[in-house]
Amino acid sequence: MPSSNAQPIPAARPVIGEEEIEAAVRVLRSGRVVQGPEVAAFEEGFSELVAGRHCVAVNSGTSALHLLLMALGIGPGDEVIVPSFSFAASANSVRLVGADVVFADIDPDTYCLSPAAVEAAITPRTAAIMPVHLYGHPAAMDRITEIADRHKLAVVEDACQAHAAALHGTPVGAFGSGGTFSFYPTKNMHSLEGGMISTADAEIARTLRLLRNQGMEQRYANEIVGANMRMTDVSAAIGRVQLAKLPGWTDRRIANAAYLSGNITAANVVTPVVAEGARHIYHQYTIRVRGDRDAAMAKLTEAGVGNAVYYPTPIHRLKPYWEPDQKAGRDWDLPETERAAAEVVSLPVHPSLTEGDLERIVIAVNALGENL
């Protein structure tokens with residue numbers, strides 16, 4: 001057993017090394033700090049991660065979702081199908097453009113949108129489907145895009161947790177009408193804060209660039225109504241350093257997850273499932289606990305193993321969505337979503353883990369036993 005004096009293993013550990021610091025200082029000294037050459041270079045580099053699609057950098061993953069919906073013309077009167085088992089930004093972005101959120105249930109193995117639930121949720125008002133590649137596992141994009149094509153719907157990929165994930169060799173962000181990524185500090189790579197939008201459509205890319213910059217390409221020549229959602233060159237410079245490190249970090253996450261799954265044997269714990277043809281990049285390593293989850297988390301914390309629940313309250317149960325739905329007499333039948341929210345726990349899987357850390361995590365999880 002590990003010593004009681006051992007340092008706790010954090011659930012996540014953002015990496016800010018000397019290279020990131022040097023990149024930020026270099027840009028600050030250059031005087032070109034907003035929407036300059038670093039942003040353009042970051043966009044070009046990130047394009048290689050999404051099969052060569054056009055990439056547009058913005059100031060957050062939420063802005064990426066918001067602007068992509070705007071560029072696709074989605075707004076009042078439209079419906080967008082979204083999983084309730086996600087971070088609130090997925091649904092918030094739909095509300096921000098004035099469209100209505102329609103929640104659909106998830107696949108119990110991958111925690112991503114169930115294609116069957118998506119099909120059942122389509123109405124004459126449906127304009128788009130928003131699959132979320134939750135925890136770094138790709139959604140069933142082959143089936144979802146087939147449904148979308150058949151019903152002539154846009155597909156907005158929320159890949160904010162899934163940098164470098166793939167399905168049957170195609171990277172996430174390269175399936176739908178557009179994909180969105182987040183560079184928040186806890187993501188698999190970061191730029192302190194920031195986001196990226198990918199699209200195969202050059203006109204949509206141009207519209208996105210207008211929307212992020214007050215609607216103008218040339219200064220004071222505003223073409224449309226836009227916002228200020230630009231990425232700084234400081235963030236882009238940090239993002240470029242992190243992008244170069246992403247392949248190694250991803251391999252480390254996958255190896256860490258394989259170790260955990262190969263050694264966790266507790267009967268009341270279900271380790272992550274990876275769908276056939278999927279490349280899961282483990283933004284989170286998420287187990288299910290059959291029994292008293294709170295007791296399990298307390299035992300893990302006592303053993304010095306960081307842990308967290310993503311997400312304890314499904315979006316449809318959050319106040320901004322629950323109260324309007326109740327007033328409208330609307331309730332959502334999402335049994336797999338409710339079950340996941342009550343059972344999941346995420347364990348450390350980040351690339352800073354040592355062999356000793358991994359052993360401590362396994363020992364602590366297996367010590368949960370069968371009596372929770």
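# Exercises on a predicted model

Helix α1 (residues 18–30) packs against helix α8 (residues 233–263), with an angle of about 155° and axes 8 Å apart. The structure is a predicted model.

**Exercise 1.** Determine how α1 is directed relative to α8, and describe their contact.

*Solution.*
1. Two packed helices are described by the angle between their axes and the distance between the axes.
2. Here the angle is about 155°. Angles over 145 degrees count as roughly antiparallel, so α1 is roughly antiparallel to α8.
3. The crossing of the two helices, α1 and α8, is right-handed.
4. On the α1 side, the contact involves E19, E20, A23, A24, R26, V27 and L28. These meet D233, V234, A237, I238, V241, Q242, K245 and W249 of α8.
5. Sorted by class, the contact of α1 with α8 holds nine nonpolar, one polar and five charged residues.

**Exercise 2.** Locate S84, decide whether S84 is buried or exposed, and list its contacts.

*Solution.*
1. S84 lies in the loop that runs between β2 (79–83) and α4 (89–96).
2. Its relative accessibility is 0%. Buried means under 20%, so S84 counts as buried.
3. Leaving aside residues up to four places away in sequence, S84 touches F103, A104, P314, I315, H316, L334 and T337.
4. One of these contacts, T337, belongs to helix α11 (residues 335–343), where T337, A340, A341 and E343 are buried.
5. The cover over the buried residues of α11 includes β12 (285–289), α9 (293–302) and β13 (344–347).

**Exercise 3.** In the open sheet with the order β7-β6-β11, find which strands stand at the edges.

*Solution.*
1. The sheet has three strands, with antiparallel pairing.
2. β7 (170–171) and β11 (278–279) each have a single partner strand, so one side of each is left without a neighbour in the sheet; these two stand at the edges.
3. Strand β6 (residues 166–167) pairs with β7 over two bridges, in the antiparallel sense. L167 stands opposite T170 of β7.

**Exercise 4.** Examine the backbone at A51, at K152 and at the bond between Y310 and Y311.

*Solution.*
1. A51 is not a glycine, yet its phi is positive, about 60°. A51 sits in the loop between α2 (37–47) and β1 (54–58), and with 56% relative accessibility A51 counts as exposed.
2. K152 also has a positive phi, near 60°, in a residue other than glycine. The loop between α6 (141–151) and β5 (154–158) holds K152, which counts as exposed at 74% relative accessibility.
3. Y310 and Y311 are joined by a cis peptide bond, with omega about 15°. Y311 is in the loop between α9 and α10 (319–327).

Terms used: Residues numbered from 1 in each chain as written. Predicted model: local features only at pLDDT ≥ 70, side-chain atom pairs only at ≥ 80, totals over all residues. Heavy atoms only, no water. Helix = DSSP H or I, 4+ residues; strand = E, 2+ residues; numbered from the N terminus. Buried < 20%, exposed > 50% of the residue type's maximum accessible area, 1.4 Å probe, protein only. Contact = heavy atoms within 4.5 Å. Pairing = 2+ DSSP bridges. Axes fitted to C-alpha atoms, helices over the stretch in contact; angles between N-to-C directions. Parallel < 35°, antiparallel > 145°, perpendicular 65-115°, else oblique. Left-handed = near helix turned anticlockwise from the far one by under 90°. Nonpolar A, V, L, I, M, F, W, Y, C, P; charged D, E, K, R; others polar.
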